[in-house]
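Please look at the structure below, with its sequence at hand. The paragraphs after it walk through a few of its parts.

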Amino acid sequence: MESTGASPEDQTEVIASFLSDTDAKVFVAGHRGLVGSAIHRKLVALGFTKLLLRTHAELDLTRQADVEAFFAAERPRYVIVAAAKVGGIHANSTYPADFIAVNLQIQTNIIDASLRCTGGAVSKLFFLGSSCIYPKHAPQPIPESALLSGPLEPTNEWYAVAKIAGIKMCQAYRIQHGLDAISAMPTNLYGPQDNFHPENSHVLPALIRRFHNAKISGANEVVVWGTGSPLREFLHVDDLADAVVFLMDRYSGLEHVNVGSGKEVTIKELAELVKEVVGFQGDLVWDKTKPDGTPRKLMDSSMLAGMGWEAKIPLREGLADTYKWYVDNVVDN
Amino acid sequence: MTFPYPQVSPFVKFRTAARFFPPLPTPPDFRDFLLFTPPCLAVMGAESADAAEVIPSFLSDTAAKVFVAGQRGLVGSAIHRKLVALGFTNLLLCTHTDLDLTRQADVEAFFAAERPRYVIVAAAKVGGIHANSSYPADFIAVNLQIQTNIIDAALRCAGGAVRKLLFLGSSCIYPKHAPQPIPESALLSGPLEPTNEWYAIAKIAGIKMCQAYRIQHGLDAISSMPTNLYGPQDNFHPENSHVLPALIRRFHNAKVAGDKEVVVWGTGSPLREFLHVDDLADAVVFLMDRYSGLEHVNVGSGKEVTIKELAELVKEVVGFKGELVWDKTKPDGTPRKLMDSSKLAAMGWEAKIPLRQGLADTYNWYVENVVEH
């Protein structure tokens, strides 16, 4: 925005767009997780010089007074909420209290402290969730409007209820207080810093680990559950980080925004791609007696596409990049 | 002698540690699966000489500390009245100025100092359609903070001091197009009513938090969802009040002013359910005494009236002699709203205050406490 007015005294301030505001303080909550670390990488690459990063030990986001003191001392201009308690089906069903309460506390503390930071220091806030906020039987592809239209998937309802409350809190703070708070819901993510744990990891990192172990041990085959026919969507976490900065720069609306690649693969295609990228020479065998899971899960990202954003990292390239990170950082050599 | 503690994680004292050291898997406590916990059940491991303490039922535990959060509101004040009438002698009373429930550290300090045995969460930010749409941030955030702080502090109160917690919501947690009568299973089955979605989301999160704390930590947390309430201490504000207190105020003002008529919007045909707040308080102590389940419990009278029947009853109770006129050009609102309270009925509870009597009692309170003389 150009300054207006005839005299220097009544010049209006230029409000910098996010991407040009590289000197501003940006608080990335959860900067060590899969999503937060990718956003951190992106901001560094874009030339941001004042990134506020705090580990759990340095700042417990579940403590209201600590979060308020942090905001009062640091006064960040931008806040990205990538901190959360996350996990798969087993974790959610074993620790439901942690999944609902810790996430409610983290997001309520950050959003409220952002509002109350004196002098309107916080100019914009970005809240992240995931595709599991949507009803179990949402239409496919899943549009933003599917939110709260039906029962949740019971295995992650604790996390989902917390995240839905976070979306609603951002909306409410925008309506009542004019806080520029936006929300984005990414599809299934993968990439560096993912969780490759033998019992807790999601399907993509699990396949990488299993094919790698089979290659190293010289196994004849890898057995995968199901028929391989279910369709899934994946997004490399660096693409998500790109979408986050895009939305920080361009979007100030009430509704949350789906962030997906828009590209589906069957589990069969995924497994074959992982096998190829890892370089496993044995057989890929399907145990058709085991369940397949949901037939299809695809986000409708047309709202974001309408703004002009699209994912850039093809699956093969993203898998290669992820496998390389896995070998360099996770595998005991 | 020590009380056998309820099922609380052994790591509950260490706030940080609880996150990193998950509780050992424990077998389910059969008490969790009972709707009715008779006092005799409480004797555990009684075969040894140093027999375990009897866990008193709530209703017999009248010397125990009870914290009724929100005891000055419509619901909290009725619960307080009930507990006093039942002989409870150790009621913790705090106003908002004494204890700001939205402050996590203050709530924790309160629990550490007071160590209540029973907690009833009747504190909330409530209001009608206009208030919800003007202050959505307050309606979602204040309620999330109050309930998260209390439930979490109740768990972490050292030594498992808090034996039982009851969380209150309202019928507006249910989807806009829920089946009528509305069963507990309707929760999250469809879109919410937009005009109160902020409050509803917060209350739904509260129900889920109670469930999650029961599952993971064994905290005996229950939730109950009352239908439309009325009674003493209600809000009779000209702009903010609900239909029943609004009718009382309007008929009273018309009587005092000598008006010829009172005009009410709509056809009078929509069906509504009302419950006197003293009946709710009775249900609350009943559930505290008897229910330890995962699912929330609807609390309704099960009796519907049309708005027309309601208006005519209010007119009669207030003693307005003029005309009751229906402005049929104005909207009616939802055709029917009735909670399915069969789950509570099966436990053996029913409402006792008929609408006419409840209205008379409420009008009497209104004249003595609200009307300027």
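What follows deals in turn with a sheet, the helices packed on it, the cysteines and a cavity.

The model is predicted. A good place to begin is chain A, where six strands make up an open sheet with parallel pairing. Read across the sheet, the strands come in the order β2-β1-β3-β4-β5-β9. The edges are held by β2 (50-52) and β9 (257-259) of chain A. Each of these two strands has a single partner, so one side of each has no neighbour in the sheet. From one strand to the next, the twist averages 20 degrees.

One pairing within this sheet can be followed at the level of residues. Strand β3 (residues 78-81) of chain A runs parallel to strand β4 (residues 124-128) of chain A, and four bridges join them. In this pairing, A:V79 stands opposite A:L125 of β4(A).

Helices also pack on the sheet. Helix α1 (residues 34-45) of chain A touches β1 (25-29), β2, β3 and β4 of chain A, and its direction makes about 160 degrees with that of β1(A). Helix α5 (residues 157-177) of chain A touches β4 and β5 (181-186) of chain A. The direction of this helix α5 makes about 155 degrees with that of β5(A).

The cysteines come next. A disulfide is a covalent bond between the sulfur atoms of two cysteines. How many disulfides are there over all chains? The count comes to zero, with the cut-off for a pair of cysteine sulfur atoms set at within 2.5 Å. A:C170 is in no disulfide, and the nearest cysteine sulfur, that of A:C117, lies 16 Å away. A:C170 has a relative accessible area of 2%, so it counts as buried. In chain B, B:C172 is likewise in no disulfide; the nearest cysteine sulfur belongs to B:C210 and is 16 Å away. B:C172 has a relative accessible area of 12% and is therefore buried, the limit being under 20%.

The last topic is empty space inside the protein. Rolling a probe the size of a water molecule over the atoms shows where such space is left. In this model, the count comes to seven cavities of 30 Å³ or more. The second largest cavity has a volume of about 100 Å³. Which residues line the second largest cavity? Among them are A:T62, A:Q64, A:L104 and A:Q105 from chain A, and B:T102, B:Q104, B:L144 and B:Q145 from chain B. Helix α4 (96-116) of chain A and helix α5 (136-156) of chain B each supply at least two residues of this lining.

Definitions and conventions:
Residues are numbered from 1 along each chain as its sequence is written. Chains are lettered from A and ligands numbered from 1 in the order in which they are written. This is a predicted model: local features need pLDDT of at least 70, side-chain atom pairs count only at pLDDT 80 or more; totals for chains, interfaces and linings use all residues. Side-chain values use heavy atoms; hydrogens and water are left out. Two strands pair if DSSP finds at least two bridges between them. Axes are lines fitted to C-alpha atoms, for helices over the stretch in contact, and angles run from 0 to 180 degrees between N-to-C directions. Contact means heavy atoms within 4.5 Å. Buried means under 20% relative accessible area, exposed over 50%, partly exposed in between (1.4 Å probe, protein chains only). On a 1 Å grid over the protein atoms alone, a cavity is a set of points where a 1.4 Å probe fits but cannot get out, and a pocket is an open set with protein on both sides within 12 Å along at least five of seven lines; lining residues have an atom within 4 Å of a point. Grid points are joined across faces, edges and corners, and a volume is the space filled by probe spheres set on the points.
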